[in-house]
Amino acid sequence: MAGYHSPQLDVAVRLNTNEAPEPPPEEFRRRVAEAATAVDWHRYPERDASALRAKIAAVEGTTAANVFAANGSNEVLQTILLAYGGPGRTALTFEPTYALHAHIARLAGTNVVEVERTDGFEIDPAAASERILAERPAVTFLCSPNNPTGMVESEDLIRAVLDLVTGFGGLLVVDEAYGQFAPWSALELVSDDRPLVVTRTFSKTWSMASARLGYAIGPTWLVSALQAVALPYHLDALKQRAGEIALDYADHMHRRVSALVEERGRVAAGLAELAVDQWPSGANFILFRPRDRSGPEVWQALVDRSVLVRNCASWPRLDGCLRVTLGTPEENSAFLAALAEILEEA
Ligand SMILES: *Cc1c(COP(=O)(O)O)cnc(C)c1O
C-alpha cells in the first residue's frame, strides 16, 4: 500500500488542505504557553482526558461519557475501525469521498465496499439501500459536508441509512469535519439507543490543524469501546490543555466560520462568471472543473502564479477537478484573478 499524502509546495497563496486561513486568537496562544509551563512533564497525562471531554461535551450539548477524543479525527476514525472493523467485516463508503475512510479501513484489515455516487456526486437513496442490505457492512461511512465535493447530505438520507444499519447491527459513522459550516448536523440524532457516531475535528473550524485533535460524539457504549481500543496516554497533557483552552473561544470560531461562509458565496459567484463547473458547497472549500482546459494544466498555471489548490484531476471519479480551500478575502481574490487570467488565455 502507498501512504496518504497531501503534496505541499512553497507558494504565496496556499489553498490546498482545507485549513483555516486565520489562527486562533492571540490570547489562546498566551494561555497555551502558560499551560506548557504548568504541565507535570515527569508524569503521564490524564488517561481519559476527562476535563477536555467534559468541555467538548458542554460546547456540543452532550455529556463527557458521550465524547471520545484523539489525535485528530483521523485517529478517531482509526480507533472506530480497530473496534468495529477488521478481518471478516465490511466497511462501506460512497465514492468519491474522504480517501482516509477506505484507506484506514483497509489498514485495519477490513473489507471495503465502495458504492458509486451519481454523476452529480449525490447518493441515490434506492441504490444505497440495496447495497447496504446486500453487504450488511459493520461500518457505513457518510461524510457531511462531503470532502472533496463539499455537498451536504440531507437529514432524510442520514435517517434512512441509520434505520437500515440499525436493522442488522451495523454502525453509521457521519464524518462532520466541516460540520460547523453546514446548515444541519447529525449530532441531534446521537443517542444511546442508536448505532450512530459523529466525528469532528479541531483542525478546520477551530483553526488548530497543527495540534492534531479530534473527537467523536456517540453512544456511551461506543465511547467505552473506543477507550478500550485506544493506546494508553495517546493524548499528551499539553494537547489536552490546548483543546480545553481553545473551547473558551467558541465565539471567535463561529465568527471565523461566518466570515468563511460569506467568502464561500463570493468565490462561488466569482467562479460562476468563469468557464468552470462547480458543485454547491456546505464546507470551507469548493470543487470545480474547468470546462475547456485540462485540470492539471490549470493547476500548474495557478502554481506558476503562486496559488496552490488541490489537484484532484487524477483521482478516481473526479476527472479534471480541482478543489480550492477558502482563504482570507485577499487570498480568495488572488485565486479568482489568477484563474480568470488563465482561463482567458485559452
Ligand atoms: C480534514 C478531514 C479530516 C481529518 O481531520 P484531522 O482531525 O486533521 O485528522 C477528517 N475527515 C474529513 C472529511 C476531512 O476533510
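**Helix α4, the nonpolar cores and the domain arrangement**

Helix α4 is followed by G109, a residue with a positive phi, near 80 degrees. The model described here is predicted. Within α4, the buried residues are L100, H101, A102, H103, I104 and A105. These buried residues pack against α3 (72-84), β3, β4, β5 (139-143) and β6 (171-175).

H101 belongs to this helix, which spans residues 99-107. The relative accessible area of H101 is 1%, and the residue is therefore classed as buried, a class that requires a value under 20%. When residues up to four places away in sequence are not counted, H101 touches L77, L81, T93, F141, C143 and D175. T97 is located in the loop between β3 (90-95) and α4. This residue also counts as buried, at 9% relative accessibility. With neighbours within four places in sequence left aside, the contacts of T97 are R117, C143, N146, N147 and P148. C143 thus appears among the contacts of H101 and among those of T97.

A contrasting environment is found at G88. This glycine lies in the loop between α3 and β3 and is exposed, with a relative accessible area of 86%. The C-alpha atom of G88 is separated by 9.5 Å from that of A138, and the two residues are 50 residues apart along the chain.

The protein chain is divided into two parts, domain 1 (13-23 + 251-345) and domain 2 (39-248). Taken over C-alpha atoms, the centres of domain 1 and domain 2 are 26 Å apart. The contact between them takes 25 residues from domain 1 and 25 residues from domain 2.

In soluble globular proteins, nonpolar side chains tend to be buried together. In the present model, the largest nonpolar core comprises 80 residues, and those with the most contacts inside it are L142, L172, F202, L271, L302, F335 and L339. Helix α11 (residues 329-345) supplies the largest share of this core, namely seven residues. Both domain 1 (13-23 + 251-345) and domain 2 (39-248) give residues to this core, so the core lies between them. A second, separate core has 26 residues, including F68, A91, V112 and V173. For L142, a member of the largest core, the residues touched are F94, I123, L157, I158, V161, L172, V173, V174 and D175, residues up to four places away in sequence not being counted. D175 is accordingly listed both among the contacts of L142 and among those of H101.

Strand β10 (residues 285-290) is largely enclosed by the rest of the structure, because five of its six residues are buried. Strand β9 (residues 276-278) pairs with β10 in the antiparallel sense over three bridges, and the two strands form a hairpin with six residues between them. The bridge partner of V276 in β10 is P290. Strand β10 also pairs with strand β12 (residues 322-325), again in the antiparallel sense, over four bridges. In this second pairing, F285 has T325 of β12 as its bridge partner. The ring of F285 is further engaged by R323, which lies over its face at 5.5 Å from the ring centre.

Aromatic pairs number six in the model. The rings of F121 and W279 have centres 5.1 Å apart and planes at 50 degrees, so this pair is tilted. F121 is situated in the loop between β4 (111-116) and α5 (125-135), whereas W279 is situated in the loop between β9 and β10, so the pair ties together parts that are 158 residues apart in sequence. F121 and W279 are both buried. In addition, F202, W206 and Y215 form one aromatic cluster. Of this cluster, F202 is also one of the residues with the most contacts inside the largest nonpolar core.

Note on methods
Residues are numbered from 1 along each chain as its sequence is written. This is a predicted model: local features need pLDDT of at least 70, side-chain atom pairs count only at pLDDT 80 or more; totals for chains, interfaces and linings use all residues. Side-chain values use heavy atoms; hydrogens and water are left out. A nonpolar core is a set of buried Ala, Val, Leu, Ile, Met, Phe, Trp, Tyr and Cys residues joined through side-chain atoms within 4.5 Å. Buried means under 20% relative accessible area, exposed over 50%, partly exposed in between (1.4 Å probe, protein chains only). Domain bounds come from an automatic or database domain assignment. Contact means heavy atoms within 4.5 Å. Two strands pair if DSSP finds at least two bridges between them. Rings of Phe, Tyr and Trp (its six-membered ring) pair if their centres lie within 6.5 Å; planes under 30 degrees apart count as stacked, over 60 as edge-to-face and the rest as tilted. A charge sits over a ring if NZ of Lys or CZ of Arg is within 6 Å of the ring centre and within 35 degrees of the ring normal.
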